[in-house]
Amino acid sequence: MALNVQRSIPFPRVSLNKLLAYIEAVGDNYGLRKGDVRNKNLDIGKGKGDITRFFLRIGIVEENGEVIELTQHGWAIYNSIKMGAGAKQLHSYLMNALPQYKLLIDVLLKNGSINEDELFNLLNEEIRRLSPSSWINKVAFKALLGLLIDAHIVVKVGKVINYTNGDMVTRIKTCIDTNKVKLGDHYLLSINKLSKCIGMQINVNDIKVGTISNAPGDSMIKIANIDEFIKSLIMILEKKQ
């Protein structure tokens, strides 16, 4: 298995939504000139652009003179985007196209909940076990981990990474458990912290469970029944998806 990752790998932290927006724009226009990719702010970095280089490397786009076009794999992801399943399709593709991405998930599967620095070290141990001369640097590691966070495969709270495998209930429970503060028979939760952890902005007006206390820059919710609150959040988030 070839796992060579150079120190200068052109793959900084880019949001999953930006990657999907790039694919969608190229597909909508049946190809884009390289200059237009820049003009539309679809890419970052110097030269061809970091996203373009990354997608060329893993076979999502190809160059046709001065035009960037989707490959067969790129069109499959594009079609999934139009059906509302782009994130899932790109995640599945990366599992096959990037051995490091697959190994990262394997390490998370084995550990469930793990410190970010420890995860980085264990990933490199796994890579070196398969290919002694290969490794992944912190920039690439954070980029891959960021995609897993964006895809809701993991939840990050502080320096701890929790594997949820995209399950909404597990994600919500993990975020509540790691952010709740017990006050007697009740729990106190920050809406801002909960929204950030879950990966979706929660509108306090949608919450029908518990007592809301508004504060400058944040709102707190006081709840007695965690399970009832989880059911309420699932209904709210399902409407947003």
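## A tour of rings, charges and one sheet

The structure holds five aromatic pairs. What you have open is a predicted model.

**Stop 1: Y22 and F55.** Select these two residues and show their side chains. The ring centres are 5.3 Å apart and the planes stand at 70 degrees, so the pair is edge-to-face. Now colour by chain position. Y22 belongs to helix 1 (residues 16-28). F55 belongs to helix 3 (residues 50-58). The two are 33 residues apart, so this pair links distant parts of the chain. Buried or exposed? Y22 counts as buried, at 0% relative accessibility. F55 is buried too, with a relative accessible area of 0%.

**Stop 2: W75 and Y78.** Here the ring centres lie 5.1 Å apart, with the planes at 85 degrees, so this pair is edge-to-face. Where do the two residues sit? Both are in helix 4 (residues 72-82). They are three residues apart, about one turn of the helix. Turn on the surface and look at each in turn. W75 is partly exposed, with a relative accessible area of 28%. Y78 is buried, at 11%, because buried means under 20%.

**Stop 3: back to Y22, with F54 added.** Select Y22, F54 and F55 together. These three residues form one aromatic cluster.

**Stop 4: charges over rings.** Which ring does the charged end of K138 sit over? Select F120: the charged end of K138 sits over its ring, 4.9 Å from the centre. Then move to K180 and Y187. The charged end of K180 sits over the ring of Y187, 4.7 Å from the ring centre.

**Stop 5: the sheet.** Switch to cartoon view. Three strands make up an open sheet, in the order 4-6-5. Their pairing is antiparallel. Strands of a sheet pair through backbone hydrogen bonds, either parallel or antiparallel. Which strands are at the edges? They are strand 4 (113-115) and strand 5 (154-157), each pairing on one side only. Look along the sheet for its turn: neighbouring strands are turned by 25 degrees against each other on average, direction ignored.

**Stop 6: strand 4 against strand 6.** Select residues 113-115 for strand 4, then residues 160-163 for strand 6. How many bridges join strand 4 to strand 6? There are three, and these strands run antiparallel. To find one of the partners, pick N115: its bridge partner in strand 6 is V160. Show the backbone of N115 and V160 to finish the tour at this bridge.

Definitions and conventions:
Residues numbered from 1 in each chain as written. Predicted model: local features only at pLDDT ≥ 70, side-chain atom pairs only at ≥ 80, totals over all residues. Heavy atoms only, no water. Phe/Tyr/Trp six-rings, centres within 6.5 Å; stacked < 30°, edge-to-face > 60°. Helix = DSSP H or I, 4+ residues; strand = E, 2+ residues; numbered from the N terminus. Buried < 20%, exposed > 50% of the residue type's maximum accessible area, 1.4 Å probe, protein only. Lys NZ or Arg CZ within 6 Å of the ring centre and 35° of its normal. Pairing = 2+ DSSP bridges. Axes fitted to C-alpha atoms, helices over the stretch in contact; angles between N-to-C directions.
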